[in-house]
Amino acid sequence: MTVKAKKYLGQHFLTDESIAQDIADSLSLEGYKDVLEIGPGMGVLTKYLLKKDTKTHVIEIDTESVDYLKNNYLNLADRIIEKDFLKYDLNLVFKDKPFAIIGNFPYNISSQILFKTLEMRAQIPEFSGMFQKEVALRICSKEGSKVYGILSVLTQAFYDAEYLFTVPPTVFNPPPKVDSGVLLLKRKENYSLPCDEKLFFKVVKTGFQQRRKTLRNSLKTFNLSDSLKANTIFGQRPEQLSVSQFIALTSLIENDIN
Ligand code: SAH
């Protein structure tokens with residue numbers, strides 16, 4: 001018995017064992033014991049995680065997949081969470097312990113998976129997984145690149161992001177329409193920002209809402225003083241600013257509005 005893929009759940013089952021193993025092997029497993037796999041499906045990746053010296057938990061929304069896992073991975077049975085990752089309170093399982101996140105993610109919610117990870121970054125030292133290639137590249141891209149944006153800046157403020165490898169549609173059942181890409185995030189040693197973090201998120205999101213405009217224009221809603229807006233940084237477009245420049249910009253704004 002296998003699980004019949006459900007499109008509305010973003011189910012594309014990986015059929016290439018060596019790619020599953022490469023993804024599982026990408027985690028360093030340093031400094032934590034627990035790993036959470038999001039969307040295990042029929043467990044192609046789970047199988048390799050279970051061979052490691054780690055405590056693997058999985059969270060899966062699809063009852064049919066959960067039944068499959070329960071029947072085929074007996075030693076996993078009490079660590080299967082049958083829930084929606086986006087809605088589930090992970091502290092119920094991990095309390096305040098650190099854990100890594102891994103998965104061949106459902107692409108329809110991949111940005112939301114990343115945002116939830118950023119929110120929980122104090123507990124998540126490592127994150128590895130498969131996204132649509134285009135999204136994975138965007139997360140890892142640097143200033144000056146056309147695809148540099150909100151996901152890149154917010155992620156790289158807290159994590160070092162590395163694009164690992166590309167995966168073609170042919171190794172999935174059913175095949176997705178696009179290439180996939182695997183990336184690895186390693187939390188920075190110092191992941192607390194020297195500026196107001198809420199304001200940082202707001203500045204980055206607002207700045208990129210109009211990526212063709214200068215920051216002077218796109219950040220109008222902050223009602224900044226003329227003397228601050230005379231600073232040359234406001235003459236730049238958001239895609240030109242590095243992560244540390246966004247942090248510096250937030251500090252300037254913070255001083256100006258307080
Ligand atoms: N890891 C498996 C399956 C990938 S497909 C493999 O590589 O073969 C994505 C999986 O995510 C599916 O099993 C789907 O049911 C699950 N999923 C989709 N939305 C989810 C959510 N909100 N929370 C948890 N799992 C979800």
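**Notes on the ligand site and two backbone oddities**

1. Start at the ligand. One of its nitrogen atoms is 3.5 Å from a polar backbone atom of Pro-40. This is a predicted model, so read each distance as computed from it.

2. Gly-39 also takes part. A polar backbone atom of Gly-39 is 2.8 Å from a nitrogen atom of the ligand. Gly-41 faces an oxygen atom of the ligand instead, with a backbone N or O atom 3.5 Å away. The ligand on its own would expose 570 Å², and the protein buries 97% of that.

3. Which residues come nearest to the ligand? They are Gln-11, Gly-39, Glu-60, Asp-84 and Asn-104, out of 21 residues around it. Gly-39 thus appears in this group as well as in the 2.8 Å backbone pair.

4. The shell around the ligand is mixed in character. Ten of its residues are nonpolar, six are polar and five are charged.

5. Where does the ligand sit? The space it takes is the largest pocket. That pocket holds about 540 Å³ of space.

6. How many residues line the largest pocket? The count is 33. Leu-9, Gln-11, Gly-39, Glu-60 and Pro-106 lie nearest the centre of the pocket. Gln-11, Gly-39 and Glu-60 are also among the residues that come nearest to the ligand.

7. The lining can be split by class too. It has 18 nonpolar, nine polar and six charged residues.

8. Look next at the secondary structure behind the lining. Strand β1 (13–14) supplies at least two residues of it. So do strand β2 (34–38) and helix α3 (63–72).

9. Now the backbone. Which kind of peptide bond joins Asn-173 and Pro-174, cis or trans? The bond is cis, with omega at about -10°. Pro-174 is found in the loop between β8 (172–173) and β9 (180–187).

10. Lys-95 deserves a look as well. Its phi is positive, about 50°, although Lys-95 is not a glycine. Lys-95 has its place in the loop between α4 (91–94) and β5 (99–104).

11. To inspect the model, begin with the backbone atoms of Gly-39, Pro-40 and Gly-41 beside the ligand. Then turn to the cis bond before Pro-174 and the positive phi of Lys-95.

Definitions and conventions: Residues numbered from 1 in each chain as written. Predicted model: local features only at pLDDT ≥ 70, side-chain atom pairs only at ≥ 80, totals over all residues. Heavy atoms only, no water. Near = heavy atom within 4 Å. Polar contact = N/O pair within 3.5 Å; in protein donor to acceptor, adjacent residues only side chain to side chain. Areas by Shrake-Rupley, 256 points an atom, 1.4 Å probe, with all protein chains shown as cover. 1 Å grid on protein atoms, 1.4 Å probe; cavity = no way out; pocket = protein on both sides within 12 Å on 5 of 7 lines; lining within 4 Å. Sits in = over half its atoms within 2 Å of the grid points. Nonpolar A, V, L, I, M, F, W, Y, C, P; charged D, E, K, R; others polar. Points joined across faces, edges and corners; volume = space filled by probe spheres on them. Helix = DSSP H or I, 4+ residues; strand = E, 2+ residues; numbered from the N terminus.
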